[in-house]
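Please look over the sequence and the three-dimensional model shown here before reading on.

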Amino acid sequence: MLSVHRAVVLRAATAVLVLGAAFGAEATVGHALARRGVERAERDAYVCSEASRLATVVRADRSQVDGRPALVTLRAAGRCAAAHH
């Protein structure tokens, strides 16, 4: 009977260690994904601000040429397009 209890305790201890390792790995991956998301958001914010700055320059140039529209229309870059419309 004592050996049965010992086997159950060993299995339970092993299960606890495996679960602990799994939760630790999940937390590490979660932090890495969050960090990457922040980096991507910063990069997208920079790209959008540059696209907005360029659009402002183009509009300013257009308004100085007898009010005629430019031949080429400027499109917002990638992820910025949805935010501007």
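The report below covers the overall fold and then a charged pair of side chains.

## Overall fold and surface

This is a predicted model, and its protein chain contains two helices and zero strands. Of the 85 residues of the protein chain, 4% count as buried. The protein chain exposes about 7400 Å², of which carbon and sulfur atoms supply 65%.

## The salt bridge

Side chains carrying opposite charge can pair when their charged atoms come close. The structure holds one salt bridge, formed between E50 and R53, whose closest N and O atoms are 3.1 Å apart, and that pair meets the criterion because a separation within 4 Å is required. Both E50 and R53 belong to helix α1, which spans residues 2-63, and they lie three residues apart, about one turn of the helix.

## Exposure of the pair

E50 has a relative accessibility of 29% and therefore counts as partly exposed, while R53, with a relative accessible area of 47%, is partly exposed as well. Both assignments follow because partly exposed covers the range between the buried limit of under 20% and the exposed limit of over 50%.

Note on methods
Residues numbered from 1 in each chain as written. Predicted model: local features only at pLDDT ≥ 70, side-chain atom pairs only at ≥ 80, totals over all residues. Heavy atoms only, no water. Helix = DSSP H or I, 4+ residues; strand = E, 2+ residues; numbered from the N terminus. Buried < 20%, exposed > 50% of the residue type's maximum accessible area, 1.4 Å probe, protein only. Areas by Shrake-Rupley, 256 points an atom, 1.4 Å probe, with all protein chains shown as cover. Salt bridge = Lys/Arg side-chain N within 4 Å of Asp/Glu carboxyl O.
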